[in-house]
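Visitor: I'd like a close look at one single part of this protein rather than the grand tour. Could you pick a residue and walk me through its surroundings?

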Amino acid sequence: MKNSAMVMQIQDPASQRLTWYKPPLTVLVIKKKDSQVLLPFVQLVEWLVQEKNMVVWVESAVLEDKLLRDDVKLDQESAKFRQVHEYYSGVRSRFLALREKLVTFKDGRDDLTDRIDFIVCLGGDGTLLYASQLFQQSVPPVMAFYLGSLGFLTPFQCDNFQDQVTNVLEGHAALTLRSRLRCSIHRKGERHRDSLQQVSNNLLKPSLRLHNYSAVGDPTFSNNNCSSYSGQSSANNSILVLNEVVINRGPSPYLSNIDIFLDGKYITSVQGDGLIVSTPTGSTAYAAAAGASMIHPSVPAILVTPICPHSLSFRPIVVPAGVELKISISPDSRNTSRVSFDGRNDQELNHGDSLRVTTSIYPVPSICAQDQISDWFDSLAEGLHWNVRKRQKCLDELSDLTASGSEDTLDEFDNLKIQDS
């Protein structure tokens, strides 16, 4: 092509790596609510404070954990709890020695923007979803350790965590930028908000300016990309989701009747149990269970998946990440619908209301244990047993079996003739 400006530039996923502007000083540690996570949690926090001299933030609820407190009235607890409390006495004493050095926050009360350099998650995929919820604008790099059930989004193992965290702190890590969806509900009678179409061309340029890192190798990461969009999520009371937003019929016995518009154009209506609008990261969650294709998280796209549609031809579709989806209750629908965001904040969607969904400029930078490709396919194989099947036998093996089977049959036939005679 003569015009070089018309040549598409395709980025190599392996080129996207973490680079710190300066050594990270503050780390947020998120753990799941499970007693089995207490020991690795205390070991990690102890090491970060004593060996790395980092400021460690934890949720205030961690300090209220009865297994980490000495002032619990054991005579009012069950015998099983007293046994578990005694079992974790050593872990508890180590934590109490660190307690005064920890900084706490409360979800919904404290704003963590610009306060955290680095996030460590201990648990399952839910801990990463929770980290995404905490940061409704720019998100620090997230390192997720597998201590849960499925572990699709948690590629790191807790064995030898010291070396793994040190490598990340030194900048020796690959990144997967997991796109999020920006969702906002427009209620009937409210003043119509400006369309998001005017900024759709910039939606695929994630903002990393608010934090102490960048993703080297991505041409969209320049310092002037998102200077005018720093208030994106707070301006319209929108919610950012990492997996999916789900519209369903709730407890109603009637079918959902939902209209879908794409950039203002009517596309189709869903008559069924509901609709899933998901990110590529969410394509392996609820959407996969509803029959959608699984999409690598680096692919810029939005998935639209019907839930049990009353149609034999309604297939899931994939649309470009820069579009705006408008979802509303059909005027002739017999019932309202429910909408939830990453399984939280369940709300009712009434006639005349609409849900607007588009790709956010604030992704979740997920640190890779190996690289973007290896981590994803390992998760597919180990978490979902993708394409597990017995190997087909080669022709040599089949010919051997056929030959041996034919000879056995002939021998049996000869023996029968001898016995008859």
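Guide: Let's take D353, which counts as buried because its relative accessibility is 5%, and the cut-off for buried is under 20%. Keep in mind that this is a predicted model. Along the chain, D353 sits in a loop, the one that links β19 (344-349) to β20 (354-359).

So what does D353 touch, once you set aside its neighbours within four places in sequence? The list runs H186, R187 and K188, then I327, S328 and I329, and finally E348. Two of these partners deserve a closer look. With R187 it's side chain to side chain: D353 makes a polar contact there at 2.8 Å. With K188 the partner atom is in the backbone instead: the K188 nitrogen lies 2.8 Å from a polar atom of the D353 side chain. If you want one more landmark, try T336, which is 17 residues away from D353 in sequence, with 9.8 Å between the two C-alpha atoms.

Now zoom out to the protein around this spot. You'll find 10 helices and 21 strands. The chain has 421 residues, and 46% of them are buried, D353 being one of the buried ones. Take the contacts with a separation of 6 or more: 73% of those join residues 24 or more positions apart. As for the outside, the accessible surface is about 22,400 Å², with carbon and sulfur atoms supplying 49% of it.

Conventions
Residues numbered from 1 in each chain as written. Predicted model: local features only at pLDDT ≥ 70, side-chain atom pairs only at ≥ 80, totals over all residues. Heavy atoms only, no water. Helix = DSSP H or I, 4+ residues; strand = E, 2+ residues; numbered from the N terminus. Buried < 20%, exposed > 50% of the residue type's maximum accessible area, 1.4 Å probe, protein only. Contact = heavy atoms within 4.5 Å. Polar contact = N/O pair within 3.5 Å; in protein donor to acceptor, adjacent residues only side chain to side chain. Areas by Shrake-Rupley, 256 points an atom, 1.4 Å probe, with all protein chains shown as cover.
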